[in-house]
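Trainee: Could you walk me through how to read a structure like this one, feature by feature? I would like the general idea and then the case at hand.

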Amino acid sequence: MKVRETPPFAPVLMESTRAIGYSLEAAIADIIDNSIAAKAGKVQLFFFPVENAYVCILDNGKGMNNEQIDIAMQYGSKSPTEVRDASDLGRYGLGLKTASLSQCRILTVVSKQGNLLVGRRWDLDYIAETGNWSLLILDEQDINTIPHISNLKEQECGTLVVWQNLDRLLMGEIDYEKSLGRKMDEVRCHLELVFHRYLSGETGIKKLEIQFNGVKIKVADPFLIKKSTQAMDEETLVVRGKRIVVRPYILPHISKMTEEERKQLGGKEGIRRQQGFYVYRNKRLLIWGTWFRMMRQGDLSKLARVMVDIPNDLDDLWTLDIKKSHAVPPAEVRRNLQVVIDRIADKSKRTWTYRGKKEITDAVEHMWTRMKTPNSGISYEINRNHPLVEQIIEETPAVRGKLETLLKHIERGIPFNQLYVDLNNDEKIENDTEFEETEIQKTLEHMLSVMPSSILRIEFLTRIEHTEPFCSCPNVIKDLRDKEDL
């Protein structure tokens, strides 16, 4: 048997790998993965959208020497089956090259370790001329012309990645400056989410600071952990001797979120589209907003989000792609996740139905009653036995007929279609807010003032302990009862 070596033709392969499908934000996140692997505590992004536009990514990691930078610039420099450090966010040995050249035609990398400054460059136009894997080795004069090289020189160590000739990034755009400005905002939002656990300095990982044109980016916590409830205890799944940690959360009801929180949790697509699993590899967010086809995205489960932590040892089982933006749980994990889905979906439904209030039983007398109609439909009726309705009739019996007519018109006039649209768009419904304690107290004092005896007032206070909206202010009811007992 004969063997013939057929090495890939550099210009064709390098042009082909540009079409892997990186977005700008995913490409930059891939570069930052390398910074984290290099133990960087700070990453600076510089966007220059005019004239000779460029993108620079500078970190203060441990940097590289001549041998290391050659390996970093080599295609397929590390096997995906090779055992990696537990904190390594890489996978295929392609990220730096494929991510960068998906956005530009000239990739320059300069790295510094103490007094040693080394630089390499891939220039696709030069590769097309030579027809070879012609990696350019930069001399001191070349390095000094690179944007933001002075920032790197000021550091003890670190690496500067520069993208120039941004052909893909600005393709089809008329107003380059405006287009790049919009893309900057998308990148900022993406990084705030993908690296939020690093940005917040979560226990067990080195805190990371990311600056965007000199401005420090914020943390976008998709679980709103300080306000959310943990739906159930975290569960640990063991696969091939490695631990996968699952931690489900239920977001607070939308009425309890601020405008900024709703925007952070839902973005353009809304909170409903962001429900589901959030899969992290070494605390870096890979994929989010999906139930992996184990459950349909619905309105009643829109507040459910599940944090799943996987180690890099199980990349092959999760079929992780080059861009690190796609992963599928293996069958043995899916079985365990299905149990979590069933339980958390029920809790999300209760949170949504009861406006974020914790109710163990349905012993509360509600203002609205949900009814099953004979034709299997649903209707909502104002509770005719509610104390506020009863008192109006008791005080003025003659209005009973007119009041009944008014209530029926209110019930039939509910703008369900518009409500559905507003809720799906995660609009805050101002009506859906808790009564202030002072407002409840004034209402009760007025209702008690028309009752002729203390016995009737105490009986009334006892009843409304379990009636909306008064049951939300037990201290007010207690104080009013204590006054009657004096």
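Mentor: Happily. Let's begin with how elements are named: helices and strands are DSSP runs, numbered from the N terminus. Keep in mind that this is a predicted model. Take M294 as a starting case: M294 lies in the loop between β13 (284-290) and β14 (304-310).

Trainee: Is M294 buried or exposed?

Mentor: The label depends on a cut-off, since buried means under 20% relative accessible area. M294 has 13%, so M294 is buried.

Trainee: Which residues does M294 touch, leaving out those up to four places away in sequence?

Mentor: M294 touches F277, R334, L337, Q338 and I341. Look at Q338 in particular: M294 and Q338 are 44 residues apart in sequence, yet their C-alpha atoms are 6.9 Å apart in space.

Trainee: Now another loop residue. Where is Q275, and how much of its area is accessible?

Mentor: Q275 sits in the loop between α10 (259-266) and β12 (276-281). Its relative accessible area is 0%, so Q275 is buried. The side chain of Q275 also makes a polar contact with the side chain of W291, at 3.0 Å. Beyond its neighbours within four places in sequence, Q275 is in contact with several residues, including G289, T290, W291, Q297 and R305.

Trainee: What does the side chain of Q391 reach?

Mentor: The side chain of Q391 reaches the backbone oxygen of M447 at 2.9 Å. Q391 is placed in helix α12 and is buried, with a relative accessible area of 10%. Setting aside neighbours within four places in sequence, the contacts of Q391 are M447, V450 and M451.

Trainee: On to charged pairs. How many salt bridges does a search of the whole structure find?

Mentor: The search finds 21 salt bridges. A good one to look up is R18 with D167, whose side chains meet at 2.7 Å, N to O. This pair links distant parts of the chain, 149 residues apart: R18 is in the loop between α1 (10-16) and α2 (24-37), and D167 is in the loop between β6 (157-164) and α8 (176-194).

Trainee: How do R18 and D167 rate for accessibility?

Mentor: R18 is buried at 4% relative accessible area, whereas D167 counts as partly exposed at 21%.

Trainee: What about D125 and R105?

Mentor: Their side chains meet in a salt bridge too, at 3.1 Å, N to O. D125 is in helix α5 (residues 124-130) and R105 is in the loop between α4 (95-101) and β3 (106-113), with their positions 20 residues apart in sequence. D125 is partly exposed at 36% relative accessibility, while R105 is buried at 14%.

Trainee: Which residues are linked in a network of salt bridges?

Mentor: E15, R18, R105, D125 and D167 are linked in one, so try viewing them together.

Trainee: Where do R463 and E390 lie, and what does their pairing tie together?

Mentor: R463 forms a salt bridge with E390, with the closest N and O atoms 2.5 Å apart. R463 lies in helix α16 (residues 454-463) and E390 in helix α12 (residues 387-395), so the pair ties together parts that are 73 residues apart in sequence. R463 is partly exposed at 32%, and E390 is partly exposed at 24%.

Trainee: And the surface: which residues form a nonpolar patch?

Mentor: W368, I378, Y380, L406, I410 and F416 form one, with about 550 Å² of accessible area together. The elements that give two or more residues to it are β16 (378-382) and α13 (400-412). W368 lies in strand β15 (residues 368-372) and is partly exposed, at 35% relative accessibility.

Trainee: Last topic, sheets. In what order do the 8 strands of the open sheet run?

Mentor: The general idea is that strands of a sheet pair through backbone hydrogen bonds, either parallel or antiparallel. Here the order is β5-β4-β3-β6-β2-β1-β7-β8, with mixed pairing. The edge strands, β5 (136-137) and β8 (215-216), each pair on one side only. Inside the sheet, β1 (residues 42-48) and β7 (residues 209-212) pair in the parallel sense over 4 bridges. To find a bridge by eye, start at L45, whose bridge partner in β7 is F212.

Definitions and conventions. Residues numbered from 1 in each chain as written. Predicted model: local features only at pLDDT ≥ 70, side-chain atom pairs only at ≥ 80, totals over all residues. Heavy atoms only, no water. Salt bridge = Lys/Arg side-chain N within 4 Å of Asp/Glu carboxyl O. Buried < 20%, exposed > 50% of the residue type's maximum accessible area, 1.4 Å probe, protein only. Contact = heavy atoms within 4.5 Å. Patch = residues over 30% accessible without salt bridge, like charges linked within 9 Å, V, L, I, M, F, W, Y side chains within 5 Å. Areas by Shrake-Rupley, 256 points an atom, 1.4 Å probe, with all protein chains shown as cover. Polar contact = N/O pair within 3.5 Å; in protein donor to acceptor, adjacent residues only side chain to side chain. Pairing = 2+ DSSP bridges.
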